[in-house]
Amino acid sequence: MTDAEYMQHALRLADQARAIDEVPVGAVVVKDGEIIGRGFNAPITRHDPSAHAEIRAVRDAAQHIGNYRLVDCELFVTLEPCLMCAGAIMHARVARLVYGASDLKTGACGSVLNAFGYPSLNHHTVVSGGILAAECGEQLSRFFALRRAQKKAQ
């Protein structure tokens, strides 16, 4: 599969987050061409500030392979990870991160800060952004437009 096809899987997971009124972010972890971890945002539903799509996908993948280190794995996520998620990605030793839309408020992969840009760190994840950025961004824009309209109607 291509990067765009993996991102399509992440977009479908983001739809699951939207369906439960969570910010629509989805993520998949891939190893040797197989999706081994899946996650979507659920911090509100789960009462868990760490229940971001990336964290949930990394946890799922770690359980799948029986190891917290996701060496030779790739993570595809619809929105640029925050600092918490970037830290988890580093600690899991994810080889490659691919994200869709940039996050100009909390993005930790170059938009607000670049957590992966410190040469002194002992693990260096390769980061690519902008894969299906328009689709990923549109999904988020629709969600927040609907939320604003609902608040205005109240």
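Lys and Arg count as positive and Asp and Glu as negative, while His and the chain ends are left out of the count. On that basis the protein chain of this predicted model carries 16 positive and 16 negative side chains, and the centres of the two sets lie 7 Å apart.

**Figure 1. The whole protein chain, with its helices and strands.** The chain holds 5 helices and 5 strands. Their order along the sequence is α-β-β-α-α-β-α-β-β-α. The radius of gyration is 15 Å, close to the 15 Å that the globule rule gives for 154 residues, so the chain is as compact as a globular protein of that length. The C-alpha trace spans about 50 × 30 × 30 Å along its principal axes. Of the 154 residues, 44% are buried. Among contacts with a separation of 6 or more, 56% join residues 24 or more positions apart. The accessible surface amounts to about 8,000 Å², and carbon and sulfur atoms supply 54% of that area.

**Figure 2. Close-up of T78 in strand β3.** Strand β3 covers residues 73–79 and includes T78. T78 has a relative accessible area of 1% and is therefore buried. Beyond its neighbours within four places in sequence, T78 is in contact with ten residues given here in sequence order: M7, A10, L11, A14, P24, V25, G26, G100, A101 and C136. One of these contacts, C136, is itself buried, at a relative accessible area of 1%.

**Figure 3. Close-up of the cysteines C82 and C136.** The whole structure contains 0 disulfides. C82 is in no disulfide, and the nearest cysteine sulfur, that of C85, is 3.8 Å away. A disulfide would need the two sulfur atoms within 2.5 Å. C82 has 15% relative accessibility and so counts as buried. For C136, the closest cysteine sulfur is in C109, at 14 Å, which is too far for a bond.

**Figure 4. Close-up of E34 in strand β2.** E34 belongs to strand β2, which runs over residues 34–40. Its relative accessibility is 44%, so E34 counts as partly exposed. Leaving aside neighbours within four places in sequence, E34 is in contact with Y6, V29 and H64. The partner Y6 is 28 residues from E34 in sequence, and the two C-alpha atoms are 9.7 Å apart in space.

**Figure 5. Close-up of V58 in helix α3.** Helix α3 spans residues 53–65, and V58 is placed in it. V58 is buried, because its relative accessible area is 10% and the limit for buried is under 20%. Not counting residues up to four places away in sequence, V58 touches V29, L70 and A92. V29 also appears among the contacts of E34. For a distance across the model, V58 and R148 are 90 residues apart in sequence and 31 Å apart in space, C-alpha to C-alpha.

**Figure 6. Close-up of F143 in helix α5.** F143 sits in helix α5, residues 133–153. With 6% relative accessibility, F143 counts as buried. Apart from residues up to four places away in sequence, F143 touches R18, D21, E22, V23 and P24. P24 is also one of the contacts of T78. I36 is 107 residues from F143 along the chain, and their C-alpha atoms are separated by 27 Å.

**Figure 7. Close-up of D21 and D72, two loop residues with positive phi.** D21 has phi near 65°, a positive value in a residue other than glycine. D21 lies in the loop between α1 (3–19) and β1 (26–31). Its relative accessibility of 44% makes D21 partly exposed, and D21 is among the residues that F143 touches. D72 also has a positive phi, of about 65°, although D72 is not a glycine. The loop that holds D72 runs between α3 and β3. D72 is exposed, with a relative accessible area of 55%.

Notes
Residues are numbered from 1 along each chain as its sequence is written. This is a predicted model: local features need pLDDT of at least 70, side-chain atom pairs count only at pLDDT 80 or more; totals for chains, interfaces and linings use all residues. Side-chain values use heavy atoms; hydrogens and water are left out. Helices (H or I, at least four residues) and strands (E, at least two) are DSSP runs, numbered from the N terminus. The radius of gyration is taken over C-alpha atoms; the globule rule is 2.2 Å times the number of residues to the power 0.38. Buried means under 20% relative accessible area, exposed over 50%, partly exposed in between (1.4 Å probe, protein chains only). Contact means heavy atoms within 4.5 Å. Accessible areas come from the Shrake-Rupley method with a 1.4 Å probe; for residues, only the protein chains shown count as cover. The place of a charge is taken as NZ of Lys, CZ of Arg, CG of Asp or CD of Glu.
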